[in-house]
Amino acid sequence: MRSLFITATGTNIGKTHTTLKLIEALAARGLSIGVFKPIETGVADFAPDATILLEACQKVNSDFKDLSVSDITAYTFTLPAAPFCADTEQIININTILEKQRQLSNLCDILLIEGAGGLMVPITRDFFMIDLAKTLNSRVLLVTPSRLGCINDTLLSMEALKTREIPFEWCVNLYEDKESFSKVTQPFYDTVFPHWWHVDEGMEKFIKMLSV
């Protein structure tokens, strides 16, 4: 596995939190870790997610120490919206993202690629975040929420990944409705997905599943 695409069922689910946990856990196993945020919207003075990711990566990979945020992003936009809507001049070129991936992959053993929003967020008129994951030839980690209603979101996202034949794992970011999760949601996951895990306690299990 050369790259892992971290996506979610929607926005503000915990992609960055999960990616930071992955950086820490994979680096602890002696692996050289890189980060890539292909597109970030809602960028004013700086790109918050890309900045956090780069700072964490620089602590564990000296080859990223001289890089800037612009080196680990392909496109940033001011409007906090789906890339297609934020890209008012329609400048996004998928080949530019692929070239960035190639460059950054040369600096690490595993490149962690953080998507924007959920799987069906449009990048161009006919190209979505899920298509980017497939085009980048990355395994996918789907991050799902713990709030009421998350089962539906989780299953829909899984169905989309299966339809496109994209290999994936999934996890829960257990931060919303934590008190009720064990009664409202967990019984279904325990029955249908006995090996499910959540970000803050199951990372080592996930890494073993990846065989890295």
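The paragraphs below go through this predicted model, from its strands to its largest pocket and some single residues. Local features need pLDDT of at least 70, side-chain atom pairs count only at pLDDT 80 or more, and totals for chains, interfaces and linings use all residues. Residues are numbered from 1 along each chain as its sequence is written, and side-chain values use heavy atoms, with hydrogens and water left out.

Start at strand 1, residues 3-8. Helices (H or I, at least four residues) and strands (E, at least two) are DSSP runs, numbered from the N terminus. Six of the six residues of strand 1 are buried, where buried means under 20% relative accessible area, exposed over 50%, and partly exposed in between, with a 1.4 Å probe and protein chains only. In a regular strand the side chains alternate between the two faces of the sheet. Ser3, Phe5 and Thr7 are on one side of strand 1, Leu4, Ile6 and Ala8 are on the other, and both faces are covered.

Strand 1 has parallel partners in strand 4 and strand 7; two strands pair if DSSP finds at least two bridges between them. Five bridges link strand 1 with strand 4, and Ser3 stands opposite Leu111 there. Five bridges also join strand 1 to strand 7, residues 139-144, where Ala8 faces Val143.

Another parallel pair is formed by strand 2 and strand 3 (residues 73-76), over three bridges. In this pair Glu40 stands opposite Thr76 of strand 3. Together with helix 2, these strands make a right-handed β-α-β unit: with the strands pointing away from the viewer, the path from the first strand over the helix to the second runs clockwise.

The largest pocket holds about 350 Å³ of space. On a 1 Å grid over the protein atoms alone, a pocket is an open set of points where a 1.4 Å probe fits, with protein on both sides within 12 Å along at least five of seven lines; lining residues have an atom within 4 Å of a point. Grid points are joined across faces, edges and corners, and the volume is the space filled by probe spheres set on the points. The lining has 21 residues, and Thr11, Thr41, Asp49, Ala116 and Gly117 lie nearest the centre. Helix 1 (15-28), strand 2 (33-40), helix 2 (48-58) and strand 4 (110-118) each give two or more residues to this lining. By type, the lining has nine nonpolar, seven polar and five charged residues.

What does a search for disulfides find? There are zero in the whole structure, a disulfide being a pair of cysteine sulfur atoms within 2.5 Å. Cys57 has no such bond because the closest cysteine sulfur, in Cys108, is 7.2 Å away. For Cys150, the nearest cysteine sulfur is that of Cys171, at 12 Å. Cys57 is buried at 0% relative accessible area, and Cys150 is buried at 0% as well.

Ile123, in strand 5 (residues 122-124), is buried at 1% relative accessibility. Its C-alpha is 7.8 Å from that of Ile92, although the two are 31 residues apart in sequence.

Two loop residues remain. Most residues other than glycine have a negative phi. Glu165, however, has a positive phi near 55 degrees; Glu165 is in the loop between helix 6 (150-163) and strand 8 (168-172) and is exposed at 68%. Asp177 also has a positive phi, near 50 degrees. The loop that holds Asp177 runs between strand 8 and helix 7 (178-184), and Asp177 is partly exposed at 38%.

Notes. Nonpolar A, V, L, I, M, F, W, Y, C, P; charged D, E, K, R; others polar.
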